[in-house]
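Q: Please take a close look at one part of this structure, the place where two helices pack against each other, and then set that part beside the sheets found elsewhere in the chain.

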Amino acid sequence: MGEEPLGDISDVKSLNPQQLGFMCGLEIHQQLNTGKLHSREKGELYDYTIETLPANLFRTRRKLRAASGEGGKIDIAARFETRRNRSFVYVKSPNAGLIELDDQPPLEHDKDAVEIALVVSAMLNAHPVGTLQAMRKTVVDGSNTSGFQRTTLVSTHGRLDTKTGDVGISVICLEEDSARKLSSELTPNGEVVTWNLDRLGIPLIEIATDPDVKNPEHAKETAIALGGLLRDTRKVRRGLGSIRQDLNVSIACGDRVEIKGCQDLEWIPRIIELEMARQLHFYRLTNELREAIGEPKLPPNRDDDEEELEMNIAQKLVEIIPFEINDCTQVLKDCESKMIQNSLKNNSSILCVKLPFLSGRLGTKTLDSGGAQLPRLGRELAGAAKLAGVAGIFHSDELPAYGITESNVADIKKVANCSESDAFALCVAPEWQAELALESVILRARKAWQRSIQEVRNVVVKKGAPEDGTTTAMRPLPTGARMYPETDVPSFELTKLHWDEISNKLPLTQNERLDRLSSFEISSDQQKQLVSRQLDDEFFAGATGKLDLEKLPVKAWASLLLESSRVQISKGANIPLEDVSIQMLAGLLLVREAGGVTRDGLVELGITMILEGGTNLEGNLSAFIEECHKKAELLGLKPSDESSIEAAVEKILEERADFIAERGMAAMGPLMGLIIKELGSGADGKVISKMLSERLKGK
C-alpha cells in the first residue's frame, strides 16, 4: 500500500509529481515533406473550408462499421465509434485518387518517407527492425475512408538527451495522416461529418517515448527537443498542424490517459497539471462513494487493486444504477426553457435516468486558482452523452436553471422515483439518440465508484486555442485488437549496408549549422534567422562559390535570402516558390552588385526574365546574367549615375524649399517619392535616401 496522495486540486502548483507517482510519455506525430505514403499523389494541402469548397469536387457519402482484428476480437474503441450512428461525406481534393477513396489497393511505401524515418531513427540511436511491414490499425471515427490507418514499425529502443534527463524512445513508426474535418452537423438521424481528403495519406513519423518524463515542464522540454531534432532533417513540413503532440499521463491513484490536441507547446505543463488534478479528484470522490455503499476504499496505488473485488463491485453497481429510462416529455411539455420547447417542435423526446447516491456530487462550474474549470462528475457525464451526438444533458445539481423551474425538478424526481440522495440526468433529443446518450451517462456514472478509466481525451479548444487546459473524453483507450497485417503492401527489407550508409551521413544539428556560419562576416541575428528559416545551406553554397558562380558577397547574399524578394518574384510570375531557383536569385544579386539593376528593380527584373525566358537556366548562368544586364537597361531599371541623382535631388530641394523649412527632416518621405518620380524606374532608393538625408541635415 502506498501513501495517500496529497495536494489541493484548486491549486495545481501544490501537486507534487513524485509524491503522486507521476508517469508521463509523449507521442509526436510529424508530417514529412514528401508525396503520400501509399499512393504517388502529391503531399499538398488545400485550405478549403466548408464554405469555400469548389462545387465541382467529387463527394461520396459512407458509413463505417468495426471489423474484428487478427485475434478475432473487435477493438473496444472501434465498437464504441460504430454505435454513434454517424455518416461521413468525403471530398476528393485534387491530390486524392482511387487509393484515398479506398477504391484501389495501396502501393509500396514512399521511398523518401522511409529514408527520413530511418535517418530520424539513427539520430535517436534507435535500433531498426530488419523488415518493415505495414499494419492496419482500426480507426472508425471517419477520418480514414478505409476504416483503418496504415502504420509501419521502423525502429525501437532509442534515446533522446535532454537537460533534465534522458528520455527513452519506445518506438518510431511511419504512418498515414488522416483526413481533415471540415464540418460536423447534428441531425435527427445522427451526426454527419464532412472530410477533406487532401491530408489523407501524407506520411507521418510517429515517435513514442518511454514514460521517462519527470514532471510537466520536462514534458515541454522533451517536445521542444524532439521538434528541433525533426527539423534538423530538413525533410519535415512546417507550419500550423504539421506536428502534433499527444500526452500519456497518469498518477498512481489514477490510470493512463492519452491526451490529444496539444498543439501549443507552452500549454503542455498546464494540461498535464490539470490532468493530475482531475485524476486526484476522482480518486477521492470514488472513495467517498464506496463508503456510501459499504465497500472498501481504493488503494492509493492502482498496482494494489484486487481484481476480484473490483469485478464484484462492478457487478453490484449494475444493480445499484440500473439503466432505466423515464419519459419526462409530458411533465416538461409546458416548461419555460426555449431550448426544450424548440426541441419538442422537432419531435424530440425528453428522457431521464436516475443516478443513485450522486445528489450533490455531480458539481457545478467552479474555477481553480488559475482560471480553469475544476473537475466534476457532471462534466464527465455530459461529455459521455455528447459522444452519442447530442448537444449535452441537464443534471439535477445544476437545476433549477435554464428555464427549468423548481416545480419542474420536483416533477422529474417524481417520475424518476428519486430519493433525497439521488441525482438525475435529463436528455432532450430524438428518442434513439437520447437513449444512447443516457446509456453512456449510466455507464460513466457507474465508473465513478472505480479507478479512473483508461481513455483518450481531447484538449478543449475554442477560437483556435485551448480554452483553459482542461480536457473532455473522446473514446476508450484502444487495445492491441485494432492491429493486423496489411497484406496489400509489400514488406521492405533493410540491409546492414543501407543502415550503415544512413548512420554515417546524419544531418547537421542546429548548433553545428550555427558554428558553420560563424566564420562569415554576417551578424549573429542573420546567422540565427538563416538557420531558423532553413536557408543556411543556400547561403553556404553561395558564399563558398558552389552555385556555379563566383563567391557571393556574404552580407548582401544573407540579406537577399532573408528578404521577401524570392516570394515577390514567384507571386509576380505566378509560379511556385521552388521554381525561383537559388541560382537565379544569386545571378540577380551579381547583376545588382555590378550596378546592372537597382535595388528596388531586382524583383521586377526577375519577374520579367521568368515570363520571357522561363525558369530553366540550362546551367548557363553567365548567359542569364548577361541577358539580365541588357533587359534591365531596356526596362529602365539600371541605376542612374550619381550626377543625375544629385541633379534631381537639388532640383526638388529648390522647388520644395518652403515645405522643407516647415517640416525639416519630416519632409524626407514625401521628397523621396518626388525624386524617384523625377528619375524614373532607374532610381536607386538607397543612394537617393543617403544623398537626400545628407542634404537635409546640412540645411
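**A pair of helices and two sheets**

A: In this predicted model, helix α13 (residues 536-543) and helix α14 (residues 554-562) have axes that come within 10 Å and cross at roughly 150°. Because angles over 145 degrees count as roughly antiparallel, α13 is roughly antiparallel to α14. The crossing in which α13 passes α14 is right-handed. Two packed helices are described by the angle between their axes and the distance between the axes.

The residues that make this contact can be named on both sides: α13 brings E538, F539, G542 and A543, and these meet V554, W557, A558 and L561 of α14. Sorted by class, the contact of α13 with α14 holds 6 nonpolar residues, 1 polar residue and 1 charged residue.

Turning to the sheets, one open sheet has 4 strands in the order β14-β15-β17-β16, and its pairing is antiparallel. Its edges are formed by β14 (326-327) and β16 (394-395), each of which has a single partner strand, so one side of each is left without a neighbour in the sheet. Within this sheet, strand β15 (residues 349-355) and strand β17 (residues 423-429) are joined in the antiparallel sense over 7 bridges, and the bridge partner of C352 is L426 in β17. Helices also lie across these strands: helix α6 (residues 338-345) lies across β15, β16 and β17 and runs at about 50° to β17, while helix α9 (residues 431-447) lies across β15 and β17 and runs at about 15° to β15.

Another open sheet of 4 strands has the order β2-β3-β10-β9, and here the pairing is mixed. The edge strands are β2 (59-62) and β9 (180-187), each pairing on one side only, and the twist from one strand to the next averages 20°. Strand β3 (residues 87-91) and strand β10 (residues 190-196) run parallel and are joined by 5 bridges, with S87 standing opposite V192 in β10.

A careful reader should also ask how confident the prediction is. The chain has a mean pLDDT of 91, and 94% of its residues reach 70 or more. Among the elements of the chain, helix α2 (residues 111-123) has the highest mean pLDDT, 98, and helix α1 (residues 76-82) the lowest, 63. Where pLDDT is low, the predicted coordinates should not be read in detail.

Key
Residues numbered from 1 in each chain as written. Predicted model: local features only at pLDDT ≥ 70, side-chain atom pairs only at ≥ 80, totals over all residues. Heavy atoms only, no water. Axes fitted to C-alpha atoms, helices over the stretch in contact; angles between N-to-C directions. Parallel < 35°, antiparallel > 145°, perpendicular 65-115°, else oblique. Left-handed = near helix turned anticlockwise from the far one by under 90°. Contact = heavy atoms within 4.5 Å. Nonpolar A, V, L, I, M, F, W, Y, C, P; charged D, E, K, R; others polar. Pairing = 2+ DSSP bridges. pLDDT = per-residue confidence, 0-100.
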